[in-house]
Amino acid sequence: MRNALTKFGPIYPVPTRLNLLSFSGFCVERRQQMAAEPFWRAVDVFGDKIALTGDDGDLTYSALAERADRFVASTLESLPDGVLRPLLLIEASNHIAPITAYLGALRAHWPVILTEHGAPEKTDRLQSAFRPNLMARFSGSDWTVKLVNTEALEMAPELAVMLSTSGSTGSEKLVRLSHRNLASNAAAIIEYLGLTSEDGAITSLPWHYSYGLSVLHMQLAVGGRLALTDRPLTDRDFWTTAHRAGTTVLPLVPMQFDVLSRKERTKADLPSLKYLLQAGGKLDQNIAEAFFDRGDAEDFKLFLMYGQTEAAPRISYLPPSAPRKAVDTIGRAIPGGHLRIVDQNGTEITEFGTPGELAYTGPNVMMGYAETPEELAETGHLPELLTGDFAEKTEDGFFRIVGRSKRFIKLNGLRISLDQVEANLRDAGIAARVTGSDQRLDVFLTDKSMQTGLKDRLCRDLKLSFSQVSTQCISEFPQLSSGKVDYRALKKRSDELACEKPPAMDGLYSVLCAALRTREPDLSASFRDHGGDSLAYLEVELTLNELGLEVPENWEDLPLSFLLDLKPTPKQRNDIRQLVSVDLVLRIVAIAAVVAGHATTWKTMGGAYFLLVLSGYSIAKFQGPTLFARHVARAVANTLVRILIWYYLVLLFVHIMSGAVPLYWWVLIGNYSQGEAFTKVEWFWYVPAMVQVTLMLSLPFMVQPVGTWISRNPFCFGLSLLAASIGYVTFLQVQMGLSAGDWRHTAGALQLAFFGWCAYYAQKRAEKLALVSAALIIIWLQWYENYPTIQAFITFGTISLVYGFQFKLRPRFARMLAYAGTLTLPIYMLHVFAVAAVQRVGIANADPNWPNWLLFLSTLLLSIFAAMVALPIEKRVVGAVAFSRKHALAVWKKAAR
């Protein structure tokens, strides 16, 4: 087999430098060559170029061809007499072994059924329905090829690959694709993209799915590199793998664009990106326009594409050079193909803007469907593919989808038959009616007992996300006069209920509600959009880990629906070690130091000062995007509302129980009070200082040019203000007698907050070194005093934030730390009462007085107990208020209409 190399040479010579003017003619010629000699026969000629990059290292094209042929040779030995052309079922995973087996089968002319790795039920159904001779799959970590049928099957000589059209719906209906289908479609994709052997792609999509398979084909055909990974886009390892492999082609489905759109720069993690591909469903027009703009700014090309598995799979594409008004179209037919609009009689509609069914002809149109082994023997190709989509032709020569002619939807690139879903549920004893759109599957029931666990089952079987499935219980199914189900009424009802009914209150959803202090979070918004603070962040992150979920990097920027869709990792839960940031430990230690300093004679000052550093860090991390969007009031409210509610409740209680609280505490300038009679309210100087810091950091964003500059240069902004604060503090010390170490003044508090702000945005090594050096110089020279614990807290705290120190703990201990972190604010606000109670017993009434360690331990335990009682009350009250406010607003809007 390795001797059967193409006489035409490689599909694209290595290296390739093509003149753009001759590119089209060159590609037409190559398409003709591929029709005579397909790409899988020619992979040898790419020689020592890297074909695949995986966990096992790199594999060259020569080695890939050799392994593929070796697979065929070794498998032939295990076949019984009479089986010369076996049917092979492969569980396609992103590893070298399955791809090698697939390539070997193509080179040997063996038909292949591709199915999803990790879906044993689907694999077993396909085996039972089509009786393949061989099954190639992973058993644990071992790759196995097993003989499962010794009978020879009659199959069409041109039959190459069979793919499912509908994921895991239970249907065993396969699309039969020929060698001509695969080769012609790969050549057409290469032609309109303009790929060369220097281009590389990554398995951002599974290759048992036709879109992902086309990516594999085009890379093998062009002689490029394919990086193999199972990691999602939200995982840092995905981008590390892509960057290391020099990936230039990134294929995505619409849901993945939602993740990518949250990056400030598309090429931030992949500077080699040249081609961004989209297929697998309609991309929102606003997102498409935004990525076209990004492409112009960042020098990459966005290709919007349309296809169906029945066309192997590409049918049309919208070139990046198309007019921007065409982004709502599917573009034009791929090279070698033809699109037209036909009416119900099959007559072509030539008028612009007149809808009809979209029909496609080309060498990539399938041989037909197969539901039984006997149908594998049928030869020939369909003369034309009726897509089932209604479309119209524009004056620019593009085609625009305007509707669907059949009951199916397309989610995550998979075409889902609504009738098939109904049938599967009926077989399971569930009477349901199903409708939906390309955004969501809607399932209606009349028996509420059937609703339990149904959404999880549908998400698992159909490979959909939590937010893409809606299960709703109604009194009866609406009917038309003919007695048929009124699906239009169901669709309307679904849209209404989606706005009114919150998701089920269970699992991770409950944790998110509690952490964000709301009963109805917007699942399309992110944790940061909801104004989540640093304590809630830790609570949610550690809960994700405790549930056995692999936490994606920067998860706080992702929609909450994405978090709800996370699946447990295959690891054993007892083996999981959760990453914990050292700033969490420092926060807890800082609060303990505050309690110790106030309850005893120990000199443990510095905890509240580090909390000011942490406040600047938290504003940058959680409110930065809100400030960059000039939503200043929202950012300030997100940061301050909770702490101010606690603050004023404590002041009110003290005012009622102990007499008048001075006015300057109520107007939030208590951090300036000096020399008056001491009261324990003095211990709350941190709150006015934090309010002042938050306002000072936020106000510049109200001026649009300034806010725009800051959003582009956040580190420079913080460093500039840090330098200015050094000069201003020096002036205050020299001219106004500000005492050394007087961090409570706004100028000193701002300096600490700037440390935290800069720590978050310091990304480069030079920036980190500059900030740490500045912190050491300022803290140990300008602010040196007799409390070294202050310097220690600020120094080590700042360094830990700059370098993001982390360590691993067992889930139980990590959860304990997280819970302690959530208690820090109520402990800080309530410890004043604990101190008063313990001192009354331990100092005033004890003989002898209690030692410091007993005073501290008693005060801390009492503060923790008070916080544990107060925190759940706070969560319930805030959640109830938010719930009531939202529904009152909805009622008011409805009444206004």
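Trainee: How many salt bridges does the structure hold?

Mentor: This predicted model holds 16 salt bridges. A good one to start with is the pair Asp 44 and Arg 107, whose side chains meet at 3.1 Å, N to O.

Trainee: Where do Asp 44 and Arg 107 lie?

Mentor: Asp 44 lies in the loop between α1 (23-36) and β1 (50-54), and Arg 107 in helix α3 (residues 96-108), so the pair ties together parts that are 63 residues apart in sequence. Both Asp 44 and Arg 107 are buried. Asp 69 also belongs to the picture, since a network of salt bridges links Asp 44, Asp 69 and Arg 107.

Trainee: And which residue forms a salt bridge with Lys 274?

Mentor: That is Asp 199, with the closest N and O atoms 3.0 Å apart. This pair links distant parts of the chain, 75 residues apart: Lys 274 is in the loop between α8 (254-260) and β12 (275-278), and Asp 199 is in the loop between α5 (179-193) and β9 (200-202). Look at the accessibility of each partner, too. Lys 274 counts as partly exposed because its relative accessibility is 35%, whereas Asp 199, at 1%, counts as buried.

Trainee: Are Asp 442 and Arg 440 buried or exposed?

Mentor: Both are buried, and their side chains meet in a salt bridge of 2.5 Å, N to O.

Trainee: Let's turn to helices. What span should helix α20 have?

Mentor: The general idea is to multiply 1.5 Å by one less than the number of residues. Helix α20 (residues 686-698) has 13 residues and should therefore span 18 Å; its end C-alpha atoms are 18 Å apart, which agrees.

Trainee: How many residues of α20 are buried?

Mentor: The helix is mostly covered, with 11 of its 13 residues buried. Among them are Tyr 686, Pro 688, Gln 692 and Ser 698.

Trainee: Which residues form the nonpolar patch on the surface?

Mentor: Leu 695, Met 696, Leu 699, Met 702, Val 703 and Val 706 form it, and together they have about 520 Å² of accessible area. Val 706 sits in helix α21 (residues 704-712) and, at 35% relative accessibility, counts as partly exposed.

Trainee: One last residue: why does Asn 364 count as buried?

Mentor: Buried means under 20% relative accessible area, and Asn 364 counts as buried because its relative accessibility is 1%. You will find Asn 364 in the loop between β18 (356-361) and β19 (368-370). A polar contact of 2.6 Å joins its side chain to that of Tyr 360. Beyond its sequence neighbours up to four places away, Asn 364 touches residues including Asn 181, Glu 310, Arg 314 and Ile 334.

Terms used
Residues numbered from 1 in each chain as written. Predicted model: local features only at pLDDT ≥ 70, side-chain atom pairs only at ≥ 80, totals over all residues. Heavy atoms only, no water. Helix = DSSP H or I, 4+ residues; strand = E, 2+ residues; numbered from the N terminus. Buried < 20%, exposed > 50% of the residue type's maximum accessible area, 1.4 Å probe, protein only. Polar contact = N/O pair within 3.5 Å; in protein donor to acceptor, adjacent residues only side chain to side chain. Contact = heavy atoms within 4.5 Å. Patch = residues over 30% accessible without salt bridge, like charges linked within 9 Å, V, L, I, M, F, W, Y side chains within 5 Å. Areas by Shrake-Rupley, 256 points an atom, 1.4 Å probe, with all protein chains shown as cover. Salt bridge = Lys/Arg side-chain N within 4 Å of Asp/Glu carboxyl O.
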